[in-house]
Amino acid sequence: MTPRVPPAWRSVLPHLGYPLPADRTPDRSPDRTAQATTGIGVNLPLELVRQSISNTERWPIPEPVAQQYRRYRPTPLWRARQFEKAIDATVPVYVKYEGGNISGSHKLNTALAQAHYYRRAGVAELVTGTGAGQWGTALAAACAVFGLRCTVFMVAGSLRNKPYRGSLMRLLGATVHASPSELTGIGARGTGNGLSLAIGEAVEYAARTDGCAFAIGSGETYSLLHQSVIGLEAIEQLDSADSGADGGADCGADGGADGGLDGAADTVGVVVGCLGAGSNFGGIALPFFADAAATGRDAPRLVAAESSACPKLTRGAYAYDFTDATGTGPMEAMYTVGSRLPIPESHSAGLRFHGAAKLISAMRHHGQIEAVAVGQRDALRAGALFTRTESVLPAPEAGHALAAAARLASRPDTQGAVLVCVSGHGLLDLAAYDRHEAGGEHPLGDDAPTAEQLRAAMAGLEHVAELGAGR
């Protein structure tokens, strides 16, 4: 069977075994009683609402979106043999690569879907906040395809470190603002920090601009659904690999195989993706969970690799928190380090979001996924090694996944092959690699929040268990 672009996205919701906690309105009442709400924005297209709450498992990909997917999908999957040797791996390491499109990352998978649905709903302009710039670039590209205007608020430190991200977004027709900006009240006040602030500016801008809607690329359940094409393709590519004596699989974008093992997907014991809010990790991992649940098998270990500078899954609390710095939207049940935590600048800005997606958070809470924290230096070290051994330059965010995969693949007790998603290329992140390789007087920082900082940032948050997850 030749791998192909999946005809439908696959939802994990029917297989969870529990409902996701309801969103809540901000707690401003005298008796501090939070109220449940759907949390669905009034300008969100109805189809995205359905994809967020329905137990429908398979959602046909609209033909205009599928047509765009076919320009760069299926994406390559190969066995990283040289990387295996360099890390003394005890098990095979397979790589699914998402960097071969105009945005340079997996973000285009949901950007195209969202632009399609918003245009069909009559929206003329989409606005967003972006950290490292992959999402902003993806949305700019999708808006160009579907004839929408695009405005992007990008974290100022990231825009300074990665100026060509701004150049590419502008080339695609987007208007780009460094955040915090003077264009919005929240930006002028400087409330919040990092990606949370950029998202807050975008939310405020959308609320006051006719014909404009806010689009988010990572944390929402519908965006994780759109990313399921990654894992669905990986399963099919591994299963379609030809028999071979060494058990490898090398499947290119055209679905060809060069030596492999029938049913290789059954040999995968660990699936790894980096995690900011969750779309990349969810895209590679959740189809394996759904596939195992549907067939009555045990799922592989699903491991999210987050930044040690923003360790929500490993050191955060499962609580209700805001998704942006405005504090005006609904509060979601998430693993969070607190939206007030001062997160240090990093070349892995795409991972510098204070909270994980509510779907990913619920799965973590129920023990269905695992998490590890990786420092910036370890991530860039893994990325540099992957560049030298596999001739592919990963984004710093993807370096976190590679570092985690290397640790797991080198352990004698790891069972089964390790599959890792390299979520984007690092061709616009060379300044980070320059600093990593040079070291010297200005080495890259690797700051993790102290226990005291975390306690202060999470103070006052109401834990999900305290309020009742399903209430």
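## A kinked helix and some aromatic company

Let's start with a bend: helix 12 has a kink of about 35 degrees at Ala 285, shortly before the proline Pro 287. Keep in mind that this is a predicted model. Besides that helix, there are aromatic rings to look at, with 6 aromatic pairs in the structure.

**Helix 12**

- Helix 12 covers residues 279-295, which makes 17 residues.
- From its first C-alpha to its last, helix 12 reaches 24 Å, close to the 24 Å expected at 1.5 Å a residue.
- Most of helix 12 is covered, with 13 of its 17 residues buried.
- After helix 12 comes Gly 296, and its phi is positive, near 75 degrees.

**Aromatic rings**

- The structure's count of aromatic pairs is 6, and one of them is Phe 83 with Phe 386.
- The ring centres of Phe 83 and Phe 386 are 5.4 Å apart and their planes stand at 75 degrees; angles over 60 count as edge-to-face, so that's what this pair is.
- Phe 83 belongs to helix 3 (residues 81-86) and Phe 386 to helix 15 (residues 376-390), so their pairing ties together parts that are 303 residues apart in sequence.
- Both Phe 83 and Phe 386 are buried.
- Phe 83 and Phe 386 also have company: along with Trp 78 and Tyr 97, they form one aromatic cluster.

**A charge over a ring**

- Over at Tyr 320, the charged end of Arg 24 sits over the ring, 4.9 Å from the ring's centre.

Methods
Residues are numbered from 1 along each chain as its sequence is written. This is a predicted model: local features need pLDDT of at least 70, side-chain atom pairs count only at pLDDT 80 or more; totals for chains, interfaces and linings use all residues. Side-chain values use heavy atoms; hydrogens and water are left out. Rings of Phe, Tyr and Trp (its six-membered ring) pair if their centres lie within 6.5 Å; planes under 30 degrees apart count as stacked, over 60 as edge-to-face and the rest as tilted. Helices (H or I, at least four residues) and strands (E, at least two) are DSSP runs, numbered from the N terminus. Buried means under 20% relative accessible area, exposed over 50%, partly exposed in between (1.4 Å probe, protein chains only). A charge sits over a ring if NZ of Lys or CZ of Arg is within 6 Å of the ring centre and within 35 degrees of the ring normal. The expected span of a helix is 1.5 Å times one less than its number of residues. The bend at a residue is the angle between axes fitted to the seven residues ending there and the seven starting there.
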